[in-house]
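Work through these exercises with the structure open beside you. Try each task before you read its solution.

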Amino acid sequence: MEKPTPPKTIEDLLREERLFQPSEEFQNKANSANPAVYEEAAKDRFKFWEEWAGQLHWFRKWDKTLEWELPDARWFVGGKTNIAYNCLDRHLPKRAQKPAILWEGEPGDQKTLTYEQLFQEVGRFSNALKKLGVCTGDRVTLYMPMVPELAIAMLACARIGAAHSVVFGGFSPEALRGRIDDSQSKIVITADGGWRRGAAIPLKQNVDEAISGDSPVKSVVVVRRTGQAVLMKPGRDFWWHEQVAGQSPRCEAEPVDSEQMLYLLYTSGTTGKPKGIVHTTGGYMVGCYATARWIFDLKEDDIYWCTADIGWVTGHSYVVYGPLLNGATIVMYEGAPNHPENDRFWAIIEKYKVTVFYTAPTAIRTFMKWGESFPQKHNLSSLRLLGSVGEPINPEAWIWYRQIIGAGKCPIVDTWWQTETGHIMIAPLPGITALKPGSATKPFPGIDADVVDEQGNPANSGYLVIKSPWPGMLRGIYGDPERYRSVYWSKYPQWYFTGDGCKKDADGYFWVLGRVDDVLKVSGHRLSTMEIESALVDYTDVAEAAVIGRQDPIKENAVVAFVTVKNGVSATPELGKILKDHVVKKIGSLARPDTILFTSELPKTRSGKIMRRLLRDIAEGRVLGDATTLADPAVVESLKKNYSED
Ligand code: WTA
């Protein structure tokens with residue numbers, strides 16, 4: 001593995017000395033205001049998590065808090081619970097009339113579901129799933145737009161003990177096929193389409209393509225959303241509304257084992273094949289509940305909006321499970337932030353009087369670029385807390401977010417975590433922690449995170465590791481225990497390796513620098529360089545490809561591909577375009593390379609390894625790093641000369 005490449009801004013980051021104390025007013029009302037929680041939780045981590053677990057409903061209480069046989073963790077062993085029961089039934093009748101979901105479609109249509117209505121819709125769909133033969137332990141693939149039915153389908157799966165596997169609607173049919181096949185889902189839930197920037201995405205058509213030929217899928221349930229024409233294959237395809245019609249709104253929640261698989265979520269790693277991250281029920285539920293409560297400081301009257309798509313982990317833990325476990329009202333929005341105008345998000349905040357708003361640095365930087373006039377057109381005074389997730393946030397964006405969106409008064413919770421960690425791991429507690437722009441501050445109580453050097457010694461600069469198991473941690477990679485061990489538990493045999501570089505300052509604040517491996521963040525979407533390389537070399541004319549993430553002021557990473565073509569093929573701009581389209585076909589438009597650079601050779605070590613670090617240096621216009629191990633230095637010279645953005 002290569003050493004971390006520090007972003008250009010790191011020196012600025014560590015010079016960041018501004019400190020923002022929580023206001024007295026915020027502190028007085030905060031869900032967590034006692035700084036002693038950190039020490040108490042560190043002294044007895046089990047007790048800390050048990051107290052949280054005790055606030056939720058268990059059909060049978062656990063016998064043992066943790067069984068840990070590295071790298072396999074089992075939390076709340078012997079306990080029986082159900083996360084859908086805890087998200088719904090537990091709030092009834094008290095919150096029966098309280099809105100659970102305030103939904104807005106991109107064209108402007110709206111729907112409100114109270115806790116009672118959500119309970120009933122989930123009940124109906126649970127019964128429909130049973131009728132279609134879905135059993136405890138089955139996997140169900142969800143490929144849907146951001147409509148309430150997506151949350152309903154997830155909760156219905158959880159209710160009957162089936163595992164959902166949500167695939168982001170931006171993935172291509174081929175990518176969807178890979179995820180369906182790997183999870184061996186017998187059933188797919190989708191919609192005719194979904195609205196995005198005024199256009200209807202052909203979701204059902206993509207599903208048809210993904211399950212054509214050999215496929216484990218026996219049934220497809222289709223939500224009518226856009227009304228576009230779709231093919232319905234008799235005996236295989238069913239309309240959602242027809243399936244739920246006549247179903248009882250009641251379906252008893254299945255008491256499942258604490259370690260029952262709740263979901264699979266495919267994410268990109270350092271090879272071409274995405275990993276099916278496995279999350280189970282009890283520990284994940286407790287972790288999402290606790291972190292949402294303390295970090296987002298959720299109160300009975302909050303209107304909470306997380307802008308993430310449910311296709312990503314943030315949508316799982318902090319659109320659906322975390323807030324609903326807390327009985328909160330969530331806003332869910334279907335479409336793009338710039339439809340019909342660049343002020344759509346601010347219009348939504350004003351309309352629904354959103355109090356807690358959680359989004360990504362990429363979005364914040366885009367809003368900065370669009371200018372202050374858009375938020376200034378709206379009354380954002382309902383906001384009291386802001387959150388950030390997915391990438392490091394640069395201090396400039398942090399300050400803009402605080403001043404322009406938060407009117408200089410809202411605390412910002414910068415939350416570090418991963419698909420693998422299940423829930424937030426490093427973040428401020430807004431009633432306690434003094435904030436430093438650009439730092440996710442400190443590990444959540446009960447989380448044992450640290451920064452260590454190559455040898456594993458405590459360090460101020462190095463790799464971020466987690467030293468003890470935590471409730472929401474991944475339980476493995478679906479069907480691949482070897483890969484699980486080698487990716488996360490081999491660099492340091494005792495600790496979980498995050499893949500992130502990190503600094504720790506004199507006050508013990510963590511400054512996460514970003515990935516040190518071949519994982520990219522492009523506009524908040526997680527991608528792997530290898531996955532894109534595989535897609536490129538899949539094209540007949542391509543001999544070899546190396547993909548790197550160039551630092552981008554807005555998107556965090558831009559995808560740059562260095563490509564060599566086969567003998568006799570001419571590297572034309574048309575071929576560049578064809579290759580970009582080919583990547584879109586293999587993965588989805590989210591992976592489209594920004595730049596393709598044709599080269600006659602790639603820089604390699606004498607043992608034949610592509611030197612990505614040099615490619616990154618070239619793409620970012622840096623003085624070249626150590627090239628002494630290069631087999632042929634002339635390759636780099638010619639690449640440097642020819643590098644130009646298209
Ligand atoms: C990055 C997203 C800095 C990090 C929840 C991590 C962050 C990867 C932050 C996981 C943050 C996430 N500050 N970097 N607050 N949050 N990251 O699986 O590199 O999509 O390893 O989960 O995002 O991305 P994933």
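The exercises below concern a predicted model, and each is followed by its worked solution.

**Exercise 1. The enclosed space**

Find how many cavities of 30 Å³ or more the whole structure holds, then describe the lining of the largest cavity.

Solution.
- Start with the principle: rolling a probe the size of a water molecule over the atoms shows where empty space is left.
- Next, count. The search of the whole structure turns up 1 cavity of 30 Å³ or more.
- Then take the volume. The largest cavity comes to about 40 Å³.
- Now list the lining. It consists of Ile 83, Ala 158, Gly 161, Ala 162, Val 256, Gln 260, Met 261, Leu 262 and Thr 281.
- Finally, sort these residues by character. The lining has 6 nonpolar and 3 polar residues, and no charged ones.

**Exercise 2. A sheet of 4 strands**

Give the strand order of the open sheet of 4 strands, and explain why β21 and β25 each have one side without a neighbour in the sheet.

Solution.
- Recall the rule: strands of a sheet pair through backbone hydrogen bonds, either parallel or antiparallel.
- Read the order. The strands run β21-β22-β24-β25, and the pairing is antiparallel.
- Look at the edges. β21 (449-452) and β25 (510-515) each have a single partner strand, so one side of each lacks a neighbour in the sheet.
- Add the twist. From one strand to the next, it averages 45 degrees.
- Zoom in on one pair. β22 (residues 461-466) and β24 (residues 496-504) are antiparallel and share 5 bridges.
- Locate one residue in that pairing. Opposite Ile 466 is Tyr 496 in β24.

**Exercise 3. A sheet of 8 strands**

Trace the open sheet of 8 strands and name its edge strands.

Solution.
- Write out the order: β12-β11-β8-β6-β7-β14-β15-β23. The pairing is mixed.
- Pick the edges. β12 (237-239) and β23 (476-477) pair on one side only.
- Examine one parallel pair. β8 and β11 (residues 219-223) are joined by 5 bridges.
- Find a bridge partner. Val 188 is matched with Val 220 in β11.

**Exercise 4. Around the ligand**

Identify which residues come nearest to the ligand, then find the distance of its oxygen atom from the side chain of Asp 500.

Solution.
- Count the surroundings. There are 17 residues around the ligand, and Asp 414, Thr 415, Thr 419, Asp 500 and Arg 526 come nearest.
- Check the side chain. An oxygen atom of the ligand is 2.6 Å from an N or O atom in the side chain of Asp 500.
- Turn to the backbone. A ligand nitrogen atom is 3.1 Å from a polar backbone atom of Gly 390.
- Pro 392 also offers a polar backbone atom, 3.4 Å from a nitrogen atom of the ligand.

**Exercise 5. Backbone exceptions**

Place Pro 71, Pro 93 and Gln 184 in their loops, and state what is unusual in the backbone there.

Solution.
- Set the baseline: most residues other than glycine have a negative phi, and most peptide bonds are trans.
- Take Pro 71. A cis peptide bond joins Leu 70 to Pro 71, with omega about 0 degrees. Pro 71 sits in the loop between β1 (64-69) and β2 (72-77).
- Take Pro 93. Leu 92 and Pro 93 are joined by a cis peptide bond, with omega about 0 degrees. The loop of Pro 93 runs between α5 (83-87) and β4 (99-104).
- Take Gln 184. Its phi is positive, near 50 degrees. Gln 184 lies in the loop between α8 (173-183) and β8 (187-191).

Key: Residues are numbered from 1 along each chain as its sequence is written. This is a predicted model: local features need pLDDT of at least 70, side-chain atom pairs count only at pLDDT 80 or more; totals for chains, interfaces and linings use all residues. Side-chain values use heavy atoms; hydrogens and water are left out. On a 1 Å grid over the protein atoms alone, a cavity is a set of points where a 1.4 Å probe fits but cannot get out, and a pocket is an open set with protein on both sides within 12 Å along at least five of seven lines; lining residues have an atom within 4 Å of a point. Grid points are joined across faces, edges and corners, and a volume is the space filled by probe spheres set on the points. Ala, Val, Leu, Ile, Met, Phe, Trp, Tyr, Cys and Pro count as nonpolar, Asp, Glu, Lys and Arg as charged, and the others, Gly among them, as polar. Two strands pair if DSSP finds at least two bridges between them. Helices (H or I, at least four residues) and strands (E, at least two) are DSSP runs, numbered from the N terminus. Axes are lines fitted to C-alpha atoms, for helices over the stretch in contact, and angles run from 0 to 180 degrees between N-to-C directions. A residue is near a molecule or strand if one of its heavy atoms lies within 4 Å of it. A polar contact is a pair of N or O atoms within 3.5 Å; within protein, one must be able to donate a hydrogen and the other to accept it, and residues adjacent in sequence count only if both atoms are side-chain atoms.
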